[in-house]
Amino acid sequence: MGLCDIHVIKEVLSRHGFHFSKSLGQNFLTAQWVPERIAAECGVDKNSCALEVGPGMGCLTNELSKQAEKVVAIELDRALFPVLEETLADCSNVEVVHGDVLKTDLSTICNEKFGDKKVYACANLPYYITTPAISALLDSKMFSGITVMVQKEVAKRICAKAGSSDYSAFSIYVQYYADAKILFDVPAGCFVPQPKVDSAVIRLNPLDKPSVAVKNEKLFFAIVRAAFNQRRKTLVNAISPAFGGRLDKADILSLMKTCNLDERIRGEKLTLEEYAKLSDAADDLLKSKS
Ligand code: SAM
């Protein structure tokens, strides 16, 4: 059964009385090469397993089932269960579970379903949960690789380097925990219903330890968030909220001097290493004041 064939999609869905839900981010793939490439490039093999988020009609699930020892797919929309029963009838190594990925304890499900096998996360993510879903997948620390399709703009933001206009607090968050790269673009015409924007598939390779060592992670991320919350301001003027009123402008300028940062620099220019250095210097200063 060609699960990306638009005629098959329409016939099967109408037979089950299924209607796409915009609020659940339901844009199904109509280009077979896309799930084939995701399954081929996500890293899974016959000795490892895949956790899929949002199987929809099962086109990616079906491809993953050919590559992996076992696949578990978490789907929120109960209306898709009878559809998936039909489309995945021949995939004996696939289990579909009902749930919201954002409310699922990913370490428990991985331990229960896959034991000590390596697990790769894969998804054509619903747009409305892109950021929290990627955060949940990374935070769980359960995955050997995370390969997901997201809006192209978001993909560029996640993989952006310091100084680019796409660089954001989320770039730094993801790149702190993983190597991030764009694998390939997917035009809007590859989906039904067709979204307004193009997509891209990204691959995140979680790191054994964070990409930069910091003394105080909470402070590091507070500084990063403050810098990008007011990205048009210079760094010295943007980051004071991160210190809860405990450091004044002169303190921040002296920290920046210690870190060899120009006093007119903006947050979007700093690399992860520079944020780590600044955060460590701020942590030392805060400790010396308390
Ligand atoms: N994998 C299919 C494909 O590529 O054609 C469908 C992808 S569609 C973009 C997103 C899927 O995620 C839908 O099946 C939707 O019902 C499901 N979904 C939406 N929110 C979810 C959530 N919070 N947890 C799990 N699945 C969700």
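This report describes domains, a helix pair, a buried tyrosine and some backbone geometry in a predicted model.

Residues are numbered from 1 along each chain as its sequence is written, and side-chain values use heavy atoms, with hydrogens and water left out. Because the model is predicted, local features need pLDDT of at least 70 and side-chain atom pairs count only at pLDDT 80 or more, while totals for chains, interfaces and linings use all residues.

**Domains**

The protein is divided into domain 1 (6-206) and domain 2 (217-289), with bounds from an automatic or database domain assignment. Their centres, taken over C-alpha atoms, are separated by 36 Å. Contact (heavy atoms within 4.5 Å) joins 12 residues of domain 1 to 13 residues of domain 2.

**Helices H7 and H8**

Helices (H or I, at least four residues) and strands (E, at least two) are DSSP runs, numbered from the N terminus. The axes of H7 (residues 152-159) and H8 (residues 169-177) come within 7 Å and cross at roughly 60°. Axes are lines fitted to C-alpha atoms, for helices over the stretch in contact, and angles run from 0 to 180 degrees between N-to-C directions. H7 and H8 are therefore oblique to each other; angles under 35 degrees count as roughly parallel, over 145 as roughly antiparallel, 65 to 115 as roughly perpendicular and the rest as oblique. On the H7 side, Arg 157, Ile 158 and Cys 159 meet Phe 170, Ser 171, Val 174 and Gln 175 of H8.

**Tyr 275**

Tyr 275 belongs to helix H12 (residues 272-289). With a relative accessible area of 1%, Tyr 275 is buried; buried means under 20%, exposed over 50% and partly exposed in between, for a 1.4 Å probe and protein chains only. Leaving aside residues up to four places away in sequence, Tyr 275 touches ten others' worth of surroundings that include Ile 172, Phe 220, Leu 235 and Glu 268. Ile 172 is 103 residues from Tyr 275 in sequence, and their C-alpha atoms are 9.4 Å apart. The Tyr 275 side chain also reaches the backbone oxygen of Gly 267 at 2.7 Å.

**Backbone geometry**

Most residues other than glycine have a negative phi, and most peptide bonds are trans. The peptide bond from Val 192 to Pro 193 is cis, with omega near -15°. Pro 193 lies in the loop between strand E8 (191-192) and strand E9 (199-206). Two non-glycine residues with positive phi are tabulated below.

| Residue | Phi | Loop between | Relative accessibility |
|---|---|---|---|
| Lys 141 | near 55° | H6 (130-140) and E6 (145-151) | 59%, exposed |
| Asn 260 | about 55° | H11 (249-258) and H12 | 66%, exposed |

Conventions
A polar contact is a pair of N or O atoms within 3.5 Å; within protein, one must be able to donate a hydrogen and the other to accept it, and residues adjacent in sequence count only if both atoms are side-chain atoms.
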